[in-house]
Amino acid sequence: MVLLRVSPPKIIPLISLKVDKSFKTVSKVTKRTVQVGEAFGIGVDDEKVFPVFKDFVVEINPGDIVYITGESGGGKSVLLNELARMLSKYSEFRPIVMDKGLEIDPNEILIHGVGKDTAEAIEILSFVGLGEAFLFLRRYKELSDGQKYRYRLAKAFWTGAKTLIFDEFCATLDRTTAKVVAYLAQKFCRKRRITLIVATTHTDLFEDLNPNVYINKKFGTDVDVKYFKPEPRPCSVLKDLRISRGTYEDYKKLALFHYKGSHPAGITDIFKAEIGDELVGVIVYVYTYINLKPRHVALPHLLEIYREKGHEALAEYINKNFRRIARVVVAPKYRGIGLGVRLVKETMPLVGVPYVETLAVMAKYNPFFEHAGMKEVEYEREYDKKQQKVLEILEGMGLNVELSKSKKRNLEWLKTLNKKQVKRVANILRQLMTEKFTNPKISKKLKEGEYTLEDLAEAITLFRAKPKYYIWKNPSFEGFPEPLAEEVLSV
């Protein structure tokens, strides 16, 4: 028998802070100050003491969310500065970053400003309500005031600080956006055990900040402090969420917020999400592809239908029993709070088919399909391998693959090549594009040898990352097989 000695979990004690703070003032002797002294019977030369905090004690644990409210001029900012000074004595809270100390280059591109890589940058930006593909590519100076504030939060999150302190927290945002950002901020900090201390005159953020410590600073030395053991809960703005059947017009209203510019074909169902009178999200279902190989491997009975009854029977079966999620669009300020998950999870049963599936490149940055109950089917595809091989060859010729989605950058690179090298690039692209590609016009030009450098530059931008494949089986349809999603599938 082997005996294992298990050490008890380390208990980090609460840090007890005592705050005493007052200000002394002596008025300057002038004609007017003397007149005020005479009128109210006070001495102009007397030293005045204004206590703000007296024997105030607060306990804060590393990782706590501390919410400070109170009227303007009551001493909230004073308390923030005192807490920063006192907490800096403890290693559990260092380093400490205050929002007023952040400096941002006006020309900084958002996707470059935070995160060690693209995935982490998108995660951090999404946590502050900037989860939009087109925003990722913008400069700080191009943002609205509200967007700039949210990006400042993202920069603070990326500093690596153990404690973050924000004064006038979300004060410049509309109240709905403020609640969303407050919810995302506490969620981010709790996930990483970052201590978050915020102060604001607004009292409507309590539910979404879900604080461990709540401090209400009144005038004079009166301070109320309460402690809580918060449990995870959804963002408060979702209380009024309604999901119902929508129309193509609903989709068109939000389509500009989707990173794909084209509109989906073969639409079968559209559902919308509303909060109050505001349209905040849509989901679009379409007829799916007949020959989708990862699906056929995940559901082997499909190949049996094909072998026994032929292609037409398989097509009829798929059109009847499958739908594909083609678009999930959430209004930018509502992203990150679980609205996309709700749209997928609550509408899939309403489509009325045994299987719902989707293909999504962005899913590797935001796994909301998994959170909605869909299964990921991992697979390898020969076409994807060829795309990757082409990019590796072009990279060896000097192409910056990280910037290959930019036609302008691709064109700049092509202009540095000689005629023989350009012809080689065209031959490499032609081999892939004649097999399968998304732009028949360019494919035809390459095949006929009548291409321009602009055509080659655009062709390179069409190379894309392999999409993730997800599938969901409707439990109401008992006679249909469950998808196989445990192994990597070579297709």
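Biologist: Which residues of helix α12 (residues 311-321) are buried?

Modeller: They are Leu314, Ala315, Tyr317, Ile318 and Asn321. Buried means under 20% relative accessible area, exposed over 50%, and partly exposed in between, with a 1.4 Å probe and protein chains only. This is a predicted model, where local features need pLDDT of at least 70, side-chain atom pairs count only at pLDDT 80 or more, and totals for chains, interfaces and linings use all residues. Residues are numbered from 1 along each chain as its sequence is written, and side-chain values use heavy atoms, leaving out hydrogens and water.

Biologist: What puts the buried residues on the same side of α12?

Modeller: They cover an arc of only 165° around the axis, so they sit on the same side of α12. The arc is that of the directions from the helix axis to the C-beta atoms. On the other side, Glu312, Glu316 and Lys320 are exposed.

Biologist: And what makes α12 a helix here?

Modeller: Helices are DSSP runs of H or I with at least four residues, strands are runs of E with at least two, and both are numbered from the N terminus.

Biologist: What covers the buried residues of α12?

Modeller: Among the elements covering them are α10 (293-298), α11, β12 and β13 (355-360). Contact means heavy atoms within 4.5 Å.

Biologist: Leu303 lies in helix α11 (residues 301-309). Why does Leu303 count as partly exposed?

Modeller: Its relative accessibility is 31%, and partly exposed is the class between buried and exposed. So Leu303 counts as partly exposed. The C-alpha atoms of Leu303 and Leu314 are separated by 8.3 Å.
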